[in-house]
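Q: Please take a close look at the salt bridges of this model. I would like a connected account of which side chains pair, where they lie and how accessible they are.

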Amino acid sequence: MRKHFAVALICAVAALGASAQATSTPAASEGDPVIIKYGTSEIRKSEFEAAIDTLPAEYQAYVSGAGKRAFAEDYLRMKMLAAEAEKNGLDKDAEVQAQLRLMRANALANAQLGKLEAGITISDAEVQAAYDAKKSELEQAKARHILIAFQGSPALQAGKPDLTDEQARAKAEALRAKIVAGTDFAEVAKAESDDVGSGARGGELGSFGRGQMVAEFDKAVFEGKVGEVGPVVRTQFGYHLIEVQERGAAPLAEVRESIEKELREKKLQEVLEGMKVASKATFDEAYFGSPAAPPAAPPSASN
């Protein structure tokens with residue numbers, strides 16, 4: 001199926017809302033030419049572009065460029081069908097009326113939502129407080145490692161000895177002792193690590209956040225001492241020698257945008273919840289069932 005046909009199915013519905021917008025477009029001017037004529041009717045540039053504006057962002061670029069003519073064909077088809085429906089009195093049909101009311105309510109709701117969002121302000125102090133509260137989640141580390149795989153490990157390399165769990169641990173411990181005694185970590189990684197990707201870089205893993213590595217590795221990196229090769233760590237891949245090179249929270253400048261977005265969404269939800277409470281809304285539990293129980297609070301530190 002051609003891409004523009006798939007887009008047309010989406011835009012046909014969106015364009016219905018645009019038709020309503022077009023009735024209030026400014027009077028025609030030289031900058032708003034007629035771009036489509038059909039029968040005794042016409043479509044101006046402003047109306048057509050208003051229809052494009054109703055589409056999701058991922059479609060707008062397509063229908064503003066290569067898909068413009070295809071969208072115009074579908075938009076014209078929708079306009080002609082809508083006109084015929086009115087001639088046939090379908091605009092008075094109860095089901096059509098219900099759909100139009102729903103579309104109108106949805107358009108108004110989106111407009112009000114936009115107004116509420118525009119009125120939300122996030123102060124520097126709020127961003128800083130949120131950042132301070134999330135520092136542990138935002139913590140990143142830079143580390144390097146050497147992996148010694150054992151039998152059954154997905155990292156086991158062809159042509160290398162098939163070590164038992166005990167043998168792999170013993171080898172890892174021996175390599176750690178050599179490094180602690182002064183042997184270069186990067187040279188050992190290049191020669192011995194079964195993680196060939198990082199091994200070729202001297203064991204370098206770059207920077208990563210909490211939860212991005214398997215649990216045992218994650219714990220060793222985020223609880224171990226910086227600048228030291230910690231105790232040998234076992235994971236499903238084998239035994240690891242890990243050196244944490246750096247550790248700390250991502251700078252506020254790097255995460256500011258995501259924090260502001262999160263705070264904005266939280267404030268908006270609070271406004272919407274306040275509207276619901278103020279309206280004293282109730283739900284028929286015989287029809288909807290009981291509301292879901294709120295998640296249990298985590299145990300306090302004193303427990």
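A: In this predicted model, Glu139 is a buried residue, its relative accessible area being 15%. Its partner is Arg247, and the closest N and O atoms of this salt bridge are 3.5 Å apart. Arg247 belongs to strand E6 (residues 238–249) and Glu139 to strand E3 (residues 139–148), so the bridge ties together parts that are 108 residues apart in sequence. Unlike the buried Glu139, Arg247 counts as partly exposed, at 31% relative accessibility.

A network is also present: Asp124, Arg256 and Glu260 are joined into one by salt bridges that share partners.

A further pair lies within a helix. The side chains of Arg77 and Asp74 meet in a salt bridge at 2.5 Å, N to O. Both residues are in helix H4 (residues 68–87); because they are three residues apart there, about one helical turn separates them. Here Asp74 is buried, with 11% relative accessibility, whereas Arg77 is partly exposed, with a relative accessible area of 43%.

Arg44 and Glu42 form another salt bridge through their side chains, at 3.5 Å from N to O. Arg44 is partly exposed, having a relative accessible area of 25%, and Glu42 also counts as partly exposed, at 40%.

As general background, side chains of opposite charge can pair when their charged atoms come close. With a side-chain nitrogen of Lys or Arg required to be within 4 Å of a carboxyl oxygen of Asp or Glu, the count comes to 20 salt bridges.

Key:
Residues numbered from 1 in each chain as written. Predicted model: local features only at pLDDT ≥ 70, side-chain atom pairs only at ≥ 80, totals over all residues. Heavy atoms only, no water. Buried < 20%, exposed > 50% of the residue type's maximum accessible area, 1.4 Å probe, protein only. Helix = DSSP H or I, 4+ residues; strand = E, 2+ residues; numbered from the N terminus.
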